Amino acid sequence: MPLLQDRSLLEAFRAGRAQALDRVYRHYLPAVVRLLRRGFTCMSRGMPIAVKGLQAPFELDNAVQEVFSRAFDPRTRMAYDGLRPYGDFLFGIARHVVLTELRRRRREQPLAE
């Protein structure tokens, strides 16, 4: 049974109980790190693109913390319905974190001299 299909755990998770959040974090951490390290594909303007994984340890650590920070935000916890796999929900957040960072970097590139 997937982790958050346990109704009591889902209720504790949605309520923000520390033990439930810790259990979810420890369960999904390896898969999130794998996704962020390997990269992923997505669609942009109707074309598939490959997004490189994060290799620098500090970038990876920052991204992992941002993913779980967003995922554990009260509004996000309440938005999870418990019907679809939580891993897919979490991986969507992870992809969004990486894409947001790439857009930010593109905007902040220094001008050529």
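In this predicted model, helix α1 is followed by Gly16, a residue whose phi is positive, near 80 degrees. The helix that precedes this glycine spans residues 7–15, and its buried residues are Leu9, Leu10, Ala12 and Phe13. Because these four cover an arc of only 165 degrees around the axis, they lie on the same side of α1. Ser8 and Glu11, by contrast, are exposed on the other side of the helix.

From the buried side of α1 the reader can pass to the largest nonpolar core, which has 34 residues, and in which Phe13, Val24, Leu36, Val67, Phe72, Tyr86 and Leu90 touch the most other members. Two or more residues of this core are given by each of α1, α2 (18–38), β1, α3 and α5. Phe72 may serve as a point of entry: once its neighbours within four places in sequence are left aside, Phe72 is in contact with Phe13, Leu21, Val24, Tyr25, Arg77 and Tyr86.

The largest pocket holds about 550 Å³ of space, and of the 27 residues that line this pocket, Val98, Leu99, Thr100, Glu101 and Leu102 are the closest to its centre. At least two lining residues come from each of β1 (39–44), β2 (47–52), α3 (57–71) and α5 (86–107), with α5 supplying the largest share, 10 residues. Sorted by class, the lining comprises 12 nonpolar, five polar and 10 charged residues.

Methods: Residues are numbered from 1 along each chain as its sequence is written. This is a predicted model: local features need pLDDT of at least 70, side-chain atom pairs count only at pLDDT 80 or more; totals for chains, interfaces and linings use all residues. Side-chain values use heavy atoms; hydrogens and water are left out. On a 1 Å grid over the protein atoms alone, a cavity is a set of points where a 1.4 Å probe fits but cannot get out, and a pocket is an open set with protein on both sides within 12 Å along at least five of seven lines; lining residues have an atom within 4 Å of a point. Grid points are joined across faces, edges and corners, and a volume is the space filled by probe spheres set on the points. Ala, Val, Leu, Ile, Met, Phe, Trp, Tyr, Cys and Pro count as nonpolar, Asp, Glu, Lys and Arg as charged, and the others, Gly among them, as polar. Buried means under 20% relative accessible area, exposed over 50%, partly exposed in between (1.4 Å probe, protein chains only). The arc is that of the directions from the helix axis to the C-beta atoms. A nonpolar core is a set of buried Ala, Val, Leu, Ile, Met, Phe, Trp, Tyr and Cys residues joined through side-chain atoms within 4.5 Å. Contact means heavy atoms within 4.5 Å.
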